[in-house]
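Reader: I have a structure open in front of me and would like to learn how to read it slowly, feature by feature. Could you take me through it?

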Amino acid sequence: GGRIQREDVSAYVKQVMTAGAPAATGGAVAAGGGLNLLPWPKVDFSKFGEVDEKPLSRIQKISGANLARNWAMIPHVTQYEDADITELEAFRKKLGEENKDLKITPLVFQIKAVVAALKKFPTFNASLDASGEKLTLKKYFHIGIAVDTPDGLVVPVIRDADKKGLLELAAELGEISKKARDKKLTANDMSGGCFSISSLGGIGGTAFTPIINAPEVAILGVSKAQMKPVWNGKEFAPRLMLPLSLSYDHRVIDGALAARFAVYLAQQLGDIRRLLL
């Protein structure tokens, strides 16, 4: 009789979750996942002062669209943790002195620590399907590495990181980073990732909220290590502390599991002998 019944509401909700809501009236534009957003504001900035226009690069356009989708459709939560890398850094420098033809960055240790954490907590090595009802657990360990290039951010993938040693990872990381800066990455180079690492340690900062690279369910942000006084039970001692920012998909991972993952990751970095276990 023209009335809205329970079945109508259920059907509408299902349609919104699977195909997106229809455009609302009044000029609102339908977005992914049923988000009805207002049109983007149109402003003539030249009315207020001198301006210049610069088109976005192709990489920025592609990554921007992906980032906007991921931020809007994934419920992000970020867990913060500090890792004591005093011993790790001393070992890294010694390893660098013994292998002068190879650049051994802290990132190779972070890759190994992440792989160990993914093995310990397999929910992080997973992907959620578009319906949000099925989780695919992966038994391989391909780690995406965010690389800053003049044209924008790209994320090449280090495959089978669990099967490679520190020196092998260092060599491959150098090669793929150069390939990224030279604009020679292929689609295959950037596909198949399980988990991503975004390191700003060479620039600075104390923490940030990295955006998850869908269909992955988590990403690790790394900031600049700083020497800090840490209480050892008897006195404050200078320790090199590395800030970690772990963003995760709250549909798949709860806060307690994320905290355990972050703490375990910090433990791996704090005692590199654990990576041999």
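**Reading exposure, backbone and packing**

Author: Let us start with one residue: Asp160 is partly exposed, with a relative accessible area of 28%. The place of Asp160 is in the loop between β9 (157-158) and α5, and its phi is near 50°, a positive value in a residue other than glycine. Please keep in mind throughout that this is a predicted model.

Reader: Which other residue that is not a glycine has a positive phi?

Author: Lys183 has one, of about 60°, and this residue sits in the loop between α5 and β10. With a relative accessible area of 63%, Lys183 counts as exposed, because the cut-off for that word is over 50%.

Reader: Before we go further, how confident is the predictor, and where is pLDDT under 50?

Author: The average pLDDT of the protein is 91, and 94% of the residues score at least 70. Over residues 20-32, however, pLDDT stays under 50, and for that stretch the model has 26 contacts beyond four places in sequence.

Reader: What should I say about the protein as a whole, for instance how many helices and strands there are?

Author: The protein has 6 helices and 13 strands, and its C-alpha trace spans about 80 × 50 × 40 Å along the principal axes. Of its 277 residues, 35% count as buried. Among the contacts with a separation of 6 or more, 60% are between residues 24 or more positions apart.

Reader: Now I would like to understand helix packing; how are two packed helices described?

Author: The description rests on the angle between the two axes and on the distance between those axes. In this model, helix α4 (residues 106-120) packs with helix α5 (residues 166-181) at an angle of about 120°, and their axes are 9 Å apart. That angle makes α4 oblique to α5, and α4 passes α5 in a right-handed crossing.

Reader: Which residues of α4 and α5 meet?

Author: From α4 come Leu107, Val108, Phe109, Ile111 and Lys112, and from α5 come Leu166, Leu169, Ala170 and Leu173. Sorted by class, this contact of α4 with α5 has 8 nonpolar residues, no polar ones and 1 charged.

Reader: At what angle do α4 and α6 pack?

Author: For α4 and α6 the angle is about 135°, with the axes 9 Å apart. These two helices are therefore oblique to each other, and α4 passes α6 in a right-handed crossing. On the α4 side, Phe109, Gln110, Ala113, Val114, Ala116, Ala117, Leu118 and Lys120 take part, and they meet Phe261, Tyr264, Leu265, Gln268 and Leu269 in α6. The residues of this contact divide into 10 nonpolar, 2 polar and 1 charged.

Reader: Phe261 is one of the residues in α6 that meet α4; is Phe261 buried or exposed?

Author: Phe261 counts as buried, because its relative accessibility is 0% and the cut-off for burial is under 20%. Its place is in helix α6 (residues 255-270). If we leave out residues up to four places away in sequence, Phe261 touches Ala117, Leu118, Phe121, Phe124, Phe195 and Leu246. A distance can be read beside a separation along the chain: the C-alpha atoms of Phe261 and Ile219 are separated by 12 Å, and the two residues are 42 residues apart along the chain.

Reader: May I try the same reading on a strand residue, and ask where Val147 lies?

Author: Val147 lies in strand β7 (residues 147-149), and at 6% relative accessibility this residue counts as buried. Leaving aside neighbours within four places in sequence, Val147 is in contact with Gly152, Leu153, Val154, Pro156, Ser177 and Ala180. The C-alpha atoms of Val147 and Glu175 are separated by 12 Å, while the two residues are 28 residues apart along the chain.

Reader: One backbone feature remains on my list: which residues does a cis peptide bond join?

Author: To read such a bond, we look at the angle called omega, and here the cis peptide bond between Ala214 and Pro215 has an omega of about 10°. Pro215 is found in the loop between β10 (195-199) and β11 (218-222).

Conventions:
Residues numbered from 1 in each chain as written. Predicted model: local features only at pLDDT ≥ 70, side-chain atom pairs only at ≥ 80, totals over all residues. Heavy atoms only, no water. Axes fitted to C-alpha atoms, helices over the stretch in contact; angles between N-to-C directions. Helix = DSSP H or I, 4+ residues; strand = E, 2+ residues; numbered from the N terminus. Parallel < 35°, antiparallel > 145°, perpendicular 65-115°, else oblique. Left-handed = near helix turned anticlockwise from the far one by under 90°. Contact = heavy atoms within 4.5 Å. Nonpolar A, V, L, I, M, F, W, Y, C, P; charged D, E, K, R; others polar. pLDDT = per-residue confidence, 0-100. Buried < 20%, exposed > 50% of the residue type's maximum accessible area, 1.4 Å probe, protein only.
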